[in-house]
Amino acid sequence: MSVAAAAYRLRRLPAPATEPPYDEFPVLPVAPVNAVQGTLALTFTLPSGVPAAPTPVLRVVAEPPVEDPADETLPPLRCWADTLAMAIAQILTGERTPGQFRQWTLPEVFDVLARHAALAAARPRRRAALRAVRICSPAAGVAEVTTVVHGLTRPKALAFRLESRRSRWLCTALEVG
């Protein structure tokens with residue numbers, strides 16, 4: 001083996017982790033803020049003795065908890081949302097059939113998935129990839145999930161709504177854009 005061939009030898013490296021890190025949004029302490037712009041203080045006292053500019057009340061708004069604490073039998077929402085988002089993305093790219101998803105959706109949502117699967121059958125197959133799965137919980141037992149699906153002809157936004165029904169999460173709405 002020549003020296004040039006030895007320099008270009010293939011090496012096996014460990015595969016990188018495919019799951020993105022999920023950083024929860026930390027609640028940061030709020031420092032009091034004085035209403036001053038540069039050197040000109042815009043706060044003054046009215047003749048009645050009341051301050052003309054109220055002191056601002058700032059607070060950090062954190063996302064509400066995404067799991068319903070009342071129902072202990074529900075599967076963990078983060079894992080469930082990630083799994084369903086990937087399953088929907090695979091249906092959109094043609095890697096998975098929509099029939100595998102029927103039991104986790106309402107009939108209207110399944111019809112939307114079936115239409116997208118029919119369109120995906122005409123395109124060449126590509127591997128689906130998700131970016132930053134986000135979860136918002138507007139009410140107890142309800143979660144709205146958003147992500148971006150890569151692997152289609154162009155990246156598409158994906159949003160769906162999960163509701164807890166009979167101790168399981170059910171997809172009740174789906175938007176692909």
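Me: Which residue is the bridge partner of Arg 165 in β6?
Reply: Arg 168 is that partner. This is a predicted model, where local features need pLDDT of at least 70, side-chain atom pairs count only at pLDDT 80 or more, and totals for chains, interfaces and linings use all residues. Residues are numbered from 1 along each chain as its sequence is written, and side-chain values use heavy atoms, leaving out hydrogens and water.

Me: What makes β5 and β6 a pair?
Reply: Two strands (DSSP E runs of at least two residues, numbered from the N terminus) pair if DSSP finds at least two bridges between them. Eight bridges join β5 (residues 156–165) to β6, so the two strands meet the definition of a pair. They run antiparallel.

Me: Why is one side of β3 and of β6 left without a neighbour in the sheet?
Reply: The open sheet has the order β3-β4-β5-β6, with antiparallel pairing. β3 and β6 stand at its edges and each has a single partner strand, so one side of each has no neighbour in the sheet.

Me: Why are Val 109 and Phe 110 of α3 called buried?
Reply: Buried means under 20% relative accessible area, exposed over 50%, partly exposed in between (1.4 Å probe, protein chains only). Val 109 and Phe 110 are among the buried residues of α3, so each is under 20%.

Me: How do you know that the buried residues line one face of α3?
Reply: Seen down the helix axis, they fall within an arc of 155 degrees (taken from the directions from the axis to the C-beta atoms), so they line one face. The face turned away from the buried side carries exposed residues, including Glu 108 and Arg 115.

Technical notes:
Helices (H or I, at least four residues) and strands (E, at least two) are DSSP runs, numbered from the N terminus.
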